[in-house]
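Q: Could you take a close look at one part of this protein for me, the first helix and the side-chain contacts around it? I'd like to see how it fits in with the rest of the chain.

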Amino acid sequence: MQATILLISHSKRKDDTYRVALEKRYRIFIAHSGKQGIELARAHVPRVIVVDAVSMRTTGERICQVIKDELPHIPLIHIHPGPRKGSNSVADSLHFAPFTARRLVNSVGRLIPAAGEEEVVVCGPFFMNVARRILVVYGKETQLTPKQARLL
């Protein structure tokens, strides 16, 4: 079973380099705005969200912040167009253009655990990564001790 990736990109070209590279390994959904991306993420629950801010001609920092606030348990990759200095992205992985599609695919692979490796338990506003003992409550991450994790 292929993992689901959500690509937020303004590019509508079928031969977009990042899109083609991701389609070879993953099932992807494409959104053309941050709002549409959040709606798709709620409907399909992707394993990773990729925000291509370069294609949207924006820094994408505000879009990433909204996505992290709404969906804190989903890993986020931010393709940033600007200089390395002064970027305030909340993404789990930040890439500055230009870079290769292979680098993006490798980054997605690092954020997606192997099958059965990580179990995420969701209950209301609580998200717990069992293998890593990480609890996310209202967007705030907390590392649990082994005993706390067993009790939860």
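A: A quick cut-off before we start: a residue counts as buried when its relative accessible area is under 20%, as exposed when that is over 50%, and as partly exposed in between. Keep in mind, too, that this is a predicted model.

Let's begin with R19. Its relative accessibility is 14%, so R19 falls on the buried side of that cut-off. Its side chain isn't alone there, though: R19 and E23 form a salt bridge, with 3.5 Å from N to O. Both residues belong to helix α1 and sit four residues apart, about one turn of the helix. E23 has 40% relative accessibility, so this partner is partly exposed. So the bridge joins a buried arginine to a partly exposed glutamate.

Now for Y18, also in helix α1, which covers residues 17–25. Y18 is buried as well, with a relative accessible area of 14%. Its ring pairs with that of F99, and a search of the whole structure turns up just this one aromatic pair. The ring centres are 5.2 Å apart and the planes meet at 15°, so the pair is stacked; the cut-off for stacking is under 30 degrees. F99 is buried too, at 13% relative accessibility. What does this pair link? It brings together distant parts of the chain: F99 lies in the loop between β5 (93–96) and α4 (101–111), 81 residues from Y18.

Past the helix, you come to Y26, in the loop between α1 and β2 (27–31). Y26 is another buried residue, with a relative accessible area of 11%. Its C-alpha atom is 9.9 Å from that of L6, and the two residues are 20 apart along the chain.

How does the salt bridge in α1 fit into the wider picture? It is one of three that a search of the whole structure finds. Another joins E70 and R42, whose closest N and O atoms are 2.1 Å apart. This one links distant parts of the chain, with E70 in helix α3 (residues 61–70) and R42 in helix α2 (residues 34–44), 28 residues apart. E70 is partly exposed, at 40% relative accessibility.

Then there is the bridge between D92 and K68, at 3.0 Å from N to O. D92 sits in the loop between β4 (76–80) and β5, while K68 is in helix α3, so this pair ties together parts that are 24 residues apart in sequence. Here, too, the burial is mixed: K68 is buried, with a relative accessible area of 14%, whereas D92 is partly exposed at 44%.

For a look further along the chain, there is an open sheet of four strands, in the order β6-β7-β8-β9, with antiparallel pairing. β6 (120–123) and β9 (140–143) are the edge strands; each has a single partner, so one side of each has no neighbour in the sheet. From one strand to the next, the twist averages 20°. The partner of β9 is β8 (residues 134–137), and these two pair in the antiparallel sense over four bridges. If you want a spot to click on, L135 stands opposite T142 in β9.

Note on methods
Residues numbered from 1 in each chain as written. Predicted model: local features only at pLDDT ≥ 70, side-chain atom pairs only at ≥ 80, totals over all residues. Heavy atoms only, no water. Phe/Tyr/Trp six-rings, centres within 6.5 Å; stacked < 30°, edge-to-face > 60°. Buried < 20%, exposed > 50% of the residue type's maximum accessible area, 1.4 Å probe, protein only. Pairing = 2+ DSSP bridges. Axes fitted to C-alpha atoms, helices over the stretch in contact; angles between N-to-C directions. Salt bridge = Lys/Arg side-chain N within 4 Å of Asp/Glu carboxyl O.
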